[in-house]
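Student: I should like to work through the structure shown below. Could we proceed by question and answer?

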Amino acid sequence: MPNENGTWVMYGVEWNDPECLHTVDEAIEYINKIGFIPLFKNEIPGFSLEERTVPEYWWCGDPKYDPWEWREIIARRGEIAYGKFFDKKAGFISKEWLPYFANYRRGGYDFDALWDDEKASYKQKKIMDVFDGTDEIFSNELKQKSGFGKGGEKGFDGTMTNLQMMTYLTVRDFRQRKNKKGEFYGWPIAIYAKPETIWGREYVTSRYAEDPKKSGCKIASHIKDVYPIASEAQIKRIV
């Protein structure tokens with residue numbers, strides 16, 4: 001979704017195009033088939049959900065047709081990981097490929113071990129510590145409880161992006177908040193969780209016995225197989 005002369009431009013296909021994804025179920029099937037894919041157009045042609053959907057339906061608000069709504073449904077179903085996984089931008093990783101990404105992006109480290117070896121930042125630790133007492137949490141509550149915001153630490157969004165890039169956190173759902181009367185209000189906001197909470201530690205870390213670089217090579221090789229047009233430099237930036 002590039003910005004051209006101050007205008008956001010959506011790329012995609014016509015409804016009758018054979019490559020068009022018409023429903024969230026078709027999108028899920030495609031993501032599982034491909035393995036992983038960014039949400040929006042990027043430098044690898046065709047490697048995005050955006051480019052396989054009808055541009056006019058984005059942000060129409062109808063979950064039957066709107067890919068922006070689909071991302072909420074996909075996160076909620078818990079079959080596919082959703083988060084900022086590709087060049088610090090949003091995308092999807094199938095359950096099958098998640099252990100490869102976890103091993104490669106984490107370098108074979110659980111977060112506690114990463115901290116013990118002084119490879120994690122203090123800000124990352126403050127956020128991850130919140131998950132010791134909860135399985136999932138609204139993004140605004142996470143920001144408050146981890147000591148960011150007014151009068152506290154700076155850089156919450158950037159730290160959250162880095163934790164997602166390393167696959168330590170993923171978007172679990174999008175939900176509206178409740179007021180004191182128990183009534184829902186406002187736009188749905190992101191709820192975060194550890195991938196281990198959703199799919200189990202044994203599964204998420206199941207590639208840890210493999211050299212992380214080998215997992216990274218398998219990811220890159222898979223992109224090359226699916227998108228032969230992609231250059232090594234493009235793949236490196238995405239992966």
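**Aromatic contacts and local geometry**

Tutor: In this predicted model, ring pairs join Phe 36, Phe 47, Phe 86, Trp 97, Tyr 100, Phe 101 and Tyr 227 into a cluster. A search of the whole structure finds 20 aromatic pairs. Among them, Trp 97 and Tyr 100 form a pair with 4.8 Å centre to centre.

Student: Which class of aromatic pair do Trp 97 and Tyr 100 form?

Tutor: Planes under 30 degrees apart count as stacked and those over 60 as edge-to-face. The planes of Trp 97 and Tyr 100 are 40° apart. The pair is therefore classed as tilted.

Student: Is Trp 97 buried or exposed?

Tutor: Buried means under 20% relative accessible area. Trp 97 has a relative accessibility of 11%. Trp 97 therefore counts as buried.

Student: Why is helix α7 largely enclosed by the rest of the structure?

Tutor: Helix α7 spans residues 156–165. Its buried residues are Phe 156, Thr 159, Met 160, Thr 161, Leu 163, Gln 164 and Met 165. The helix is largely enclosed because the buried residues number seven of the 10.

Student: In the hairpin of β7 and β8, which residue takes a positive phi near 80°?

Tutor: Strands β7 (residues 170–178) and β8 (residues 184–193) run antiparallel and are joined by seven bridges. One bridge pairs Arg 177 with Tyr 185 in β8. Five residues lie between the strands, and the residue with the positive phi is Gly 182.

Student: Over the face of which residue does Arg 71 lie?

Tutor: Arg 71 is at 3.5 Å from the ring centre. The residue beneath is Trp 68.

Technical notes. Residues are numbered from 1 along each chain as its sequence is written. This is a predicted model: local features need pLDDT of at least 70, side-chain atom pairs count only at pLDDT 80 or more; totals for chains, interfaces and linings use all residues. Side-chain values use heavy atoms; hydrogens and water are left out. Two strands pair if DSSP finds at least two bridges between them. Helices (H or I, at least four residues) and strands (E, at least two) are DSSP runs, numbered from the N terminus. Buried means under 20% relative accessible area, exposed over 50%, partly exposed in between (1.4 Å probe, protein chains only). Rings of Phe, Tyr and Trp (its six-membered ring) pair if their centres lie within 6.5 Å; planes under 30 degrees apart count as stacked, over 60 as edge-to-face and the rest as tilted. A charge sits over a ring if NZ of Lys or CZ of Arg is within 6 Å of the ring centre and within 35 degrees of the ring normal.
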